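Work through the exercises below with the model open. Try each task before you read its solution.

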Amino acid sequence: MGYLSQRKKNQREESFLKISAIVLTFLSVSVFFPIFPESLQNGLFHIYLANIVVLLLAVCFSRYGYAVFFALILIVNYFHVSAYANVFVNSKLASEHSLKISYIPEKPFDIEASEGMLLKRRRVQITKGVEVPVITIDKAGHIFNILRVDFSSIKKSDQKEKAIKQLSSFISSQDDPVIVFGDFGEPVWSNTMRKFLSDTNLQVKNRVLLTQKGNRFDVFSAPSFYVLAFPNVGINRLEADFANGENYPLVNVELGFF
């Protein structure tokens, strides 16, 4: 490569990395402040992924000063994401007791008889047109209220916020431990979900699962599938796969608890 070509290449790399550094810094800082659109907060995971990409490019370009800078920003973004969600691993719990649940929103919610003694089955009206099925079971002497949610069809943010608030009120009124799983329609680091976790004291148990309707792995969608429970519950196994003829991945979860 000639001198002029090499110089132009270096200038393009420098310009790309400089612009990336400015944009990533702005996005990474803005998610900490509520004055910016919530869409920025909802896209936090994608900011994190973009951060990884430009860090690798900086290393490939041998621009190690930029690489160090992007690595520092990546650490900030990682801790921001991991403060509300598990990024790569599930929250495991060493326990002799287990409970298996499955998620396909188009089918009725049920639990196999081998998973415990059915105590109650009901549907809770959350908002107009949105109901949440609830199953209360006794498993090895432990009573759980298990809720399956699917808020993915709620498109308006105010309606989704109302639905999540109503869900929070219902959970807070229960005497027995609650396990909630399904598609909440938005990531846990959104303002609404952060408040929901704070009000209910529930914790995210699963790793980031980029599962969407019609797509087992959709990197362009914000993670919205979660398994939420109290500290005495963990996940032994989590898998997502398409069953024959289904439009939504079948998500199988094996919980451990004490």
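The model is predicted.

**Exercise 1. The sheet**

Task: Give the strand order of the open sheet of six strands, and find which strands stand at the edges.

Solution:
- Step 1. Trace the order: β2-β3-β4-β5-β7-β6. The pairing is mixed.
- Step 2. Look at the edges. β2 (117-127) and β6 (203-204) each have a single partner strand, so one side of each has no neighbour in the sheet.

**Exercise 2. Strand β5 and its partners**

Task: Determine in which sense β5 pairs with β4 and with β7. Then decide whether β5 is enclosed or open to the outside.

Solution:
- Step 1. Take β4 (142-150). β4 and β5 run parallel and share six bridges.
- Step 2. Take β7 (residues 225-229). Its pairing with β5 (residues 178-183) is antiparallel, over four bridges.
- Step 3. Use F181 of β5 as a marker. R148 stands opposite F181. F181 also stands opposite V227 in β7.
- Step 4. Check burial, with under 20% relative accessible area as the cut-off. Six of the six residues of β5 are buried, so the rest of the structure largely encloses this strand.

**Exercise 3. Helix α5 on the sheet and against α6**

Task: Locate helix α5 relative to the strands, then describe how α5 packs with α6.

Solution:
- Step 1. Place the helix. α5 (residues 157-172) lies across β2, β3 (130-139), β4 and β5. Its angle to β2 is about 145°.
- Step 2. Compare the helix axes. Those of α5 and α6 (residues 191-200) come within 10 Å and cross at roughly 10°.
- Step 3. Apply the cut-off: angles under 35 degrees count as roughly parallel. The two helices are therefore roughly parallel to each other.
- Step 4. List the contact. On α5 it is made by E161, I164, L167, S168, I171 and S172. On α6 it is made by T192, M193, F196, D199 and T200.
- Step 5. Sort these residues. Five are nonpolar, four polar and two charged.

**Exercise 4. The nonpolar cores**

Task: Identify the residues with the most contacts inside the largest nonpolar core, and find which helix gives the most to it.

Solution:
- Step 1. Size the core: it has 47 residues. F151, L167, V180, F196 and L228 have the most contacts inside it.
- Step 2. Find the main helix. α3 (residues 44-60) gives the most, with seven residues.
- Step 3. Follow L167. Leaving out residues up to four places away in sequence, L167 touches I126, L147, V149, F151, V180, F184 and F196.
- Step 4. Look for another core. One of 24 residues lies apart, and F109, I179, F181 and V253 are among its members.

Conventions
Residues are numbered from 1 along each chain as its sequence is written. This is a predicted model: local features need pLDDT of at least 70, side-chain atom pairs count only at pLDDT 80 or more; totals for chains, interfaces and linings use all residues. Side-chain values use heavy atoms; hydrogens and water are left out. Two strands pair if DSSP finds at least two bridges between them. Contact means heavy atoms within 4.5 Å. Axes are lines fitted to C-alpha atoms, for helices over the stretch in contact, and angles run from 0 to 180 degrees between N-to-C directions. Angles under 35 degrees count as roughly parallel, over 145 as roughly antiparallel, 65 to 115 as roughly perpendicular and the rest as oblique. Ala, Val, Leu, Ile, Met, Phe, Trp, Tyr, Cys and Pro count as nonpolar, Asp, Glu, Lys and Arg as charged, and the others, Gly among them, as polar. A nonpolar core is a set of buried Ala, Val, Leu, Ile, Met, Phe, Trp, Tyr and Cys residues joined through side-chain atoms within 4.5 Å. Buried means under 20% relative accessible area, exposed over 50%, partly exposed in between (1.4 Å probe, protein chains only).
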